[in-house]
Amino acid sequence: MSAMDVPAKRQGPAAAEPQDAARPARPARATAYISWVALALMTTSSVASLRPSPTMAVYGLACIFLYVVPALVFLLPTSLVSAELASGWSGGVYNWVSEGISKPAGFLAVWCQFAMTIFYYPSLLGFVASTLAYVINPDLASSGVWTAIVIMVCYWTGVWVSSRGTQGVAGLASAGLIIGTLVPGTLLVILGMAFLGQGNESAAPMTADNLLPAWAGLASLVLIVNNFLSYSGMEMNAVHVGSLRKPGKEFPRAIFLSMGLVLLIFILPALAISWIVPAEQLSLTAGIMQAFDVVFVEFGSQWLTPIVGVMLVMASLGGMLTWLAGPSRGLLLISRKEGYLPPYLQRLNKHGVQQNILVVQGAVTTVIAMAYAFIPDVSSAYWIFSVITTQVYLIMYLLMFVAAVRLRRKHPDHPRGYRAPMLVGLCGVGFAASLAALLIGFIPPSQFESGNAGIYVAVVAGGALGLGLLVPYLFYKARKPSWKTESDSDGAEEVVAE
């Protein structure tokens, strides 16, 4: 998954400053265009990941269906709708929802972008802990205490790095795509095919009868919810639509190419894992390393297992660093202008970083991390946090789809670099899919092994509704005029050390 939108200064003709009569006009700078293929690759790099592969590998050949359906009903509408919004209104999702619905709704949208990371970090770092265990001691992969320790150490180290204003962090994530996603993913698929070529039988049946997941009531649909999170973040990539020479023709091409590439990166490694590791033995956090361990033993190259583990860890940690400051920065800039957060949370350190927000977020993340130590099954904890993350994020998407329809109707002639075809229909499909996914998330999945559905529902509801709706409501009701620390949008862009 990618970093979130951060409000930006207005660009384009509407933002042009009046020319001074006594000063010659500056020559217009040539627009730097990118090709639609380049945009497709950028989108692929920000969306594709190996992390959800074990979750889908449990379903074998049916993982194709479980990936394609969310791509059609969620990824496609999200991509095209957000492209229209980004090409007509700068400032990201806060500005879109504020203009389309209201400023309080805009605050809720940008809050959900930030709040989802509170549960995203424990699930991401839970994957890091299980992967790192295979480098040190595979038995640690199922230890909740080990997972909790790794989450806390990695998160607070990331806060320390981010709070120092370290430059070049984004480069770590770019390198992570190649080092920790493309190389291990390709290697896993090749080794998986070689594993079958050696005469080994696939752990999951690969017949036409298994193209659809076994139906076990509504619980069978819960897996699709997790895939919505896998495709989230497209609204950030939509800001590049203005960099295309012919957005109307080239953006759809870029989206369909990126969809194909993302599906390949998601589906093929998941299938390879299902060939190698039986579903009943598969860990949702350590499944990738389980598969590598098996094939490396098969080919007498077990010494490569720790190397692959380090590559996967590097990619995840690089991604965490780029996510750490982005969403909180967007929330900070809006709050300084509108007064949505108390002054304590708006303060910047000497490096111009919102350290207080990161520290408070870290305290909550630490408490969540401790849950790993007390929930017997690490895979169950990982699943719960993934569902909460998805549901909080889906609230933002619901608001975005409503705002897009209202903006098309309220401002039909507003300049847009790209107009999504059948926008109302796309928004209807995206809204319905997002709402269904949010509601289905409250249903315990068929493979949830705790045996207590009531606890599952209480934890998911408390996390998603409490963090996604109750907390921003309390902040909004408690706001005071004195909490506004910037009087205009330009002031919100300045970095002031406090």
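Tutor: Buried means under 20% relative accessible area, exposed over 50%, and partly exposed in between, with a 1.4 Å probe and protein chains only. This is a predicted model, in which local features need pLDDT of at least 70, side-chain atom pairs count only at pLDDT 80 or more, and totals for chains, interfaces and linings use all residues. Residues are numbered from 1 along each chain as its sequence is written, and side-chain values use heavy atoms, with hydrogens and water left out.

Student: Why is Ala86 called buried or exposed, whichever applies?

Tutor: Ala86, placed in helix H3 (residues 63-88), has 18% relative accessibility, and because the limit is under 20%, Ala86 counts as buried.

Student: Why does Arg416 count as buried or exposed?

Tutor: Arg416, which sits in the loop between helix H15 (378-410) and H16, has 14% relative accessibility and therefore counts as buried.

Student: What joins the side chains of Arg416 and Glu84?

Tutor: A polar contact of 2.9 Å joins them; the term requires a pair of N or O atoms within 3.5 Å where, within protein, one must be able to donate a hydrogen and the other to accept it, and residues adjacent in sequence count only if both atoms are side-chain atoms.

Student: Which residues does Arg416 touch?

Tutor: Leaving aside residues up to four places away in sequence, Arg416 touches Glu84, Ser87, Gly88, Trp89, Leu407, Arg408 and His411, where contact means heavy atoms within 4.5 Å.

Student: How far apart are Ala86 and Glu235 in sequence and in space?

Tutor: Ala86 and Glu235 are 149 residues apart in sequence, and their C-alpha to C-alpha distance is 8.0 Å.

Technical notes. Helix = DSSP H or I, 4+ residues; strand = E, 2+ residues; numbered from the N terminus.
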